[in-house]
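Student: I should like a close look at a single part of this model, with its charged and polar partners described in order. Please begin once the structure is in view.

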Amino acid sequence: MASRSSGLVQRKVVPSHGAEGGNENREDNDNYQEDDEDHDSKETRLTLLEEVLLLGLKDREGYTSFWNDCISSGLRGCILIELALRGRVELEKAGMRRRSLLNRKILCRNSNPTGDVLLDEALKHVKETEPPETVQSWIEYLSGETWNPLKLRYQLRNVRERLAKNLVEKGVCSTEKQNFLLFDMTTHPLTDSGVKQKLIKKVQDAVLSRWTNDAHRMDRRLLSLIYLAHASDVLENAFAPLSDDDYEIAMKRVRELLDLDFENESMKEGTNELVWAVIAAFSK
């Protein structure tokens, strides 16, 4: 497969070893693969991190709200879920005493690179850390929000700027310098409004015209996006264009998702426990 520039997501086909290995690889790829109908081209395929950041970016100004202090940890949650959906990490087994989601540790399931620099950096930390850590701990470590100086080396730096550069490389945003009286700041105004409008419509439809009233019938990536956009305090941006009636319905259904028993949801067949563990970490 031809290589792409460093900011873009690469897919790597791992040779299977026997039927079981082949099925596992296909399952992992299916978790990330989306229908071509949902994308104009491969260049506009966005990761969860890029989607959350794009929802938070002001279209013309090209930066997130100065008052948003949630998006940093929210993006770290995106990293963990993205790695889980790609089959790279998983939760340890619950055991006989059925430990809660937040008490179980994250384990490296597959250390093969994803092709995304941020994801691979986080995956390397998870793989090399002994003993393993919980979801809540990893969100804090990757954000740099820990009092333990020995864990500061896990902090992922300049995440928003690196994600914004990815969006620039994918033709969604541009790069400009903006003067704020006392300092200059690099901003990334929107250039392809179609990509963002498509993203907003996807989120709106998930809780309006395509509402299933069952979290397990929703696409896992889209369900994760709704939860993480809410945790990052950017979900409101997707609902702002709605009429008053639709806005009320959308928020009511989001509250229904937030009120679910995440422990019970994680025990249902075909679920990804780590996804629910990250959701639970932001809802406690």
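Student: In which helix is Asn166 found, and what surrounds that part of the chain?

Tutor: This is a predicted model, in which local features need pLDDT of at least 70 and side-chain atom pairs count only at pLDDT 80 or more, while totals for chains, interfaces and linings use all residues. Residues are numbered from 1 along each chain as its sequence is written, and side-chain values use heavy atoms, with hydrogens and water left out.

Asn166 is found in helix H6, residues 159–169; helices (H or I, at least four residues) and strands (E, at least two) are DSSP runs numbered from the N terminus. With a relative accessible area of 10%, Asn166 is buried. Buried means under 20% relative accessible area, exposed over 50%, and partly exposed in between, with a 1.4 Å probe and protein chains only. The side chain of Asn166 makes a polar contact of 3.2 Å with the side chain of Glu50. Such a contact is a pair of N or O atoms within 3.5 Å; within protein, one must be able to donate a hydrogen and the other to accept it, and residues adjacent in sequence count only if both atoms are side-chain atoms.

Glu50 also has a charged partner: its side chain meets that of Lys170 in a salt bridge, 2.7 Å from N to O. This pair links distant parts of the chain, with Glu50 in helix H2 (residues 48–56) and Lys170 in the loop between H6 and strand E3 (176–179), 120 residues apart. A salt bridge is a side-chain nitrogen of Lys or Arg within 4 Å of a carboxyl oxygen of Asp or Glu. Glu50 counts as buried because its relative accessibility is 0%, and Lys170 counts as buried because its value is 7%.

Helix H2 leads on to a second link. Leaving aside neighbours within four places in sequence, Leu54 is in contact (heavy atoms within 4.5 Å) with residues including Leu167, Val172 and Lys196. Lys196 forms a salt bridge with Asp59, the closest N and O atoms being 2.7 Å apart. Lys196 lies in helix H7 (residues 193–207) and Asp59 in the loop between H2 and H3, so the pair ties together parts that are 137 residues apart in sequence. At 6% relative accessibility Lys196 counts as buried, whereas Asp59, at 34%, counts as partly exposed.

Leu54 is also among the residues with the most contacts inside the largest nonpolar core, which has 75 residues. A nonpolar core is a set of buried Ala, Val, Leu, Ile, Met, Phe, Trp, Tyr and Cys residues joined through side-chain atoms within 4.5 Å. Helix H3 (residues 71–85) gives the most to this core, with nine residues.

A further salt bridge joins Glu82 and Arg221, with the closest N and O atoms 2.9 Å apart. Glu82 is in helix H3 and Arg221 in helix H8, 139 residues apart. Both Glu82 and Arg221 are buried, and salt bridges that share partners join Glu82, Arg86 and Arg221 into one network. Arg221 is also where helix H8 is capped: a side-chain oxygen of Asp219 lies 3.1 Å from the backbone nitrogen of Arg221, at the N-terminal end. H8 is mostly covered, 10 of its 12 residues being buried. In the structure there are 13 salt bridges.
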